[in-house]
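Here is a short report on a protein model and its bound ligands. It covers the ligand sites, then selected parts of the fold.

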Amino acid sequence: MTGLMAGKRGLIMGVANDHSIAWGIAKVLHRHGAELAFTYQGDALGRRVTPLAASVGSDIVLPCDVEDIASVNALFTALDARFPEGLDFVVHAIGFSDKGQLKGRYVDVTTRENFSRTMTISCFSFTEIAQRAAKRMPRGGSLLTLTYGGSTRIMPNYNVMGVAKAALEASVRYLAGDLGPDGIRVNALSAGPMRTLAGAGIADARLMFNHQKAHAPLRRTVTQEEVGGSAMYLLSDLSGGVTGEIHFVDSGYNIISMPRPDVLQA
Ligand SMILES: NC(=O)c1ccc[n+]([C@@H]2O[C@H](COP(=O)([O-])OP(=O)(O)OC[C@H]3O[C@@H](n4cnc5c(N)ncnc54)[C@H](O)[C@@H]3O)[C@@H](O)[C@H]2O)c1
Ligand SMILES: Cc1c(CN(C)C(=O)CCc2cnc3c(c2)CCC(=O)N3)oc2ccccc12
């Protein structure tokens, strides 16, 4: 099998259904020759992920709930049996917070318990996966996580998730610094809003998508394919000189300040 990802083996974490960003990435990687393993959270999602994995030639579908360190350790033990020659890449597309705290003012709605839980799932889990994956990358490799512009600019209602993404982006830089000497690159894709399970079930979602279409330089939201293509760039040798980077795939939205007046009247 020829292709940019031929001969490369990797782990995809965060597929919930065929709208997931992780699934968009998996489809592109498979098309270019990668061999994939998948994790899922909970039996219900396992029943959805198994047929999706099969459709890209994979029968490696393993449970992993990143709140449970035993399941993280069991994952890598199981992976050692299936990929004895090690990994070339890992995609971490996992994030979660109490939905009730993703609406209203951050200062009013945020609790100590959910803050800690959100940081564990949406930020620390990438570090925990990196610790274990790095030990299984004898040829070097590439680690990729998913972040959002709400890490550095106020996005109404994104709240504690924005704080977690800011911490995630800082951890990308520290991991890149530590793992660079071993030839392991660590980057993040900052995707624009997408209608996934996590992206659709939020307050004022329609308003947010319409705002993107009105003001983003490309005047539209990004597609699963586009995020998949940019992910493949960062997971492949094309980005061999890139590490510690936050790469925007957001129709250019991150570069604007005030929309053009003519658009405002539109
Ligand atoms: N949808 C967007 O607008 C958007 C934009 C930028 C970044 N992101 C990020 O992309 C990533 C993927 O989200 P998505 O939009 O594809 O939505 P999604 O709901 O399809 O994926 C989120 C995944 O996180 C997993 N997850 C949550 N808690 C977990 C836990 N404790 N253990 C293991 N897995 C757990 C879920 O099972 C699910 O598969 C997330 O990090 C999200 O923050 C999403
Ligand atoms: C964009 C955008 C997103 C998508 N995005 C970038 C995300 O990172 C998803 C964040 C998220 C984390 N946890 C949960 C949910 C979404 C909804 C369902 C649930 O129970 N928990 O989420 C928002 C929340 C508020 C405002 C904008 C957004």
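A nitrogen atom of ligand 2 sits 2.9 Å from a polar backbone atom of Ser97. The model is predicted, so local features are reported only at pLDDT of at least 70.

**Ligand 2**

The contact with Ser97 has a side-chain counterpart. Tyr158 places a polar side-chain atom 2.7 Å from an oxygen atom of ligand 2. How much of ligand 2 does the protein bury? Taken alone, ligand 2 exposes 580 Å². The protein buries 87% of that.

There are 13 residues around ligand 2. Ser97, Tyr158, Ala198, Ile202 and Met208 come nearest. By class, this shell holds nine nonpolar residues, three polar ones and one charged one.

**Ligand 1**

The shell around ligand 1 has 28 residues. Ser20, Gln41, Lys165, Met194 and Thr196 come nearest. By class, the count is 17 nonpolar, eight polar and three charged residues.

Which elements each supply at least two residues of the shell around ligand 1? They are β5 (141-147) and α7 (197-200). Helix α7 gives the most, with three residues.

Polar atoms of ligand 1 pair with both side chains and backbone. An oxygen atom of ligand 1 lies 2.7 Å from a polar side-chain atom of Ser20. A nitrogen atom of ligand 1 is 3.0 Å from an N or O atom in the side chain of Asp65. A nitrogen atom of ligand 1 is also 3.0 Å from a polar backbone atom of Val66. On its own, ligand 1 has 820 Å² of accessible area, and the protein covers 92% of it.

The table collects the polar pairs for both ligands.

| Ligand atom | Protein partner | Distance |
|---|---|---|
| Ligand 1, oxygen | Ser20, polar side-chain atom | 2.7 Å |
| Ligand 1, nitrogen | Asp65, side-chain N or O atom | 3.0 Å |
| Ligand 1, nitrogen | Val66, polar backbone atom | 3.0 Å |
| Ligand 2, nitrogen | Ser97, polar backbone atom | 2.9 Å |
| Ligand 2, oxygen | Tyr158, polar side-chain atom | 2.7 Å |

**Helix α5 and its contacts**

Helix α5 covers residues 112-134, which is 23 residues. At 1.5 Å a residue, α5 should span 33 Å. Its end C-alpha atoms are 31 Å apart, so the span agrees with expectation. Where does α5 bend? The bend is at Phe124, by about 50°.

Ser122 lies in α5. Ser122 has a relative accessible area of 0%, so it is buried. Its side chain reaches the backbone nitrogen of Phe96 at 3.0 Å.

A second contact involves strand β4 (residues 89-92), where His92 is found. Is His92 buried or exposed? His92 counts as buried because its relative accessibility is 0%. The side chains of His92 and Ser125 are joined by a polar contact of 2.8 Å.

**Pairs apart in sequence**

Thr39 lies in strand β2 (residues 35-40). Thr39 is buried, at a relative accessible area of 2%. Thr39 and Cys64 are 25 residues apart in sequence, yet 5.8 Å apart in space, C-alpha to C-alpha.

Pro51 belongs to helix α2 (residues 43-55). At 48% relative accessibility, Pro51 counts as partly exposed. Val61 is ten residues from Pro51 along the chain, and their C-alpha atoms are separated by 9.6 Å.

Gly229 is found in helix α9 (residues 224-235). It is partly exposed, with a relative accessible area of 32%. Gly229 and Val249 are 20 residues apart along the chain, with 9.8 Å between their C-alpha atoms.

**Positive phi angles**

Most residues other than glycine have a negative phi. Which way do Asn159 and Asp204 go? Asn159 is not a glycine, yet it has a positive phi of about 50°. Asn159 lies in helix α6 (residues 159-179). At 12% relative accessibility, Asn159 counts as buried.

Asp204 has a positive phi near 55°. Asp204 is found in the loop between α7 and α8 (205-215). Its relative accessible area is 45%, so Asp204 is partly exposed.

Note on methods:
Residues are numbered from 1 along each chain as its sequence is written. Chains are lettered from A and ligands numbered from 1 in the order in which they are written. This is a predicted model: local features need pLDDT of at least 70, side-chain atom pairs count only at pLDDT 80 or more; totals for chains, interfaces and linings use all residues. Side-chain values use heavy atoms; hydrogens and water are left out. A residue is near a molecule or strand if one of its heavy atoms lies within 4 Å of it. A polar contact is a pair of N or O atoms within 3.5 Å; within protein, one must be able to donate a hydrogen and the other to accept it, and residues adjacent in sequence count only if both atoms are side-chain atoms. Accessible areas come from the Shrake-Rupley method with a 1.4 Å probe; for residues, only the protein chains shown count as cover. Ala, Val, Leu, Ile, Met, Phe, Trp, Tyr, Cys and Pro count as nonpolar, Asp, Glu, Lys and Arg as charged, and the others, Gly among them, as polar. Helices (H or I, at least four residues) and strands (E, at least two) are DSSP runs, numbered from the N terminus. The expected span of a helix is 1.5 Å times one less than its number of residues. The bend at a residue is the angle between axes fitted to the seven residues ending there and the seven starting there. Buried means under 20% relative accessible area, exposed over 50%, partly exposed in between (1.4 Å probe, protein chains only).
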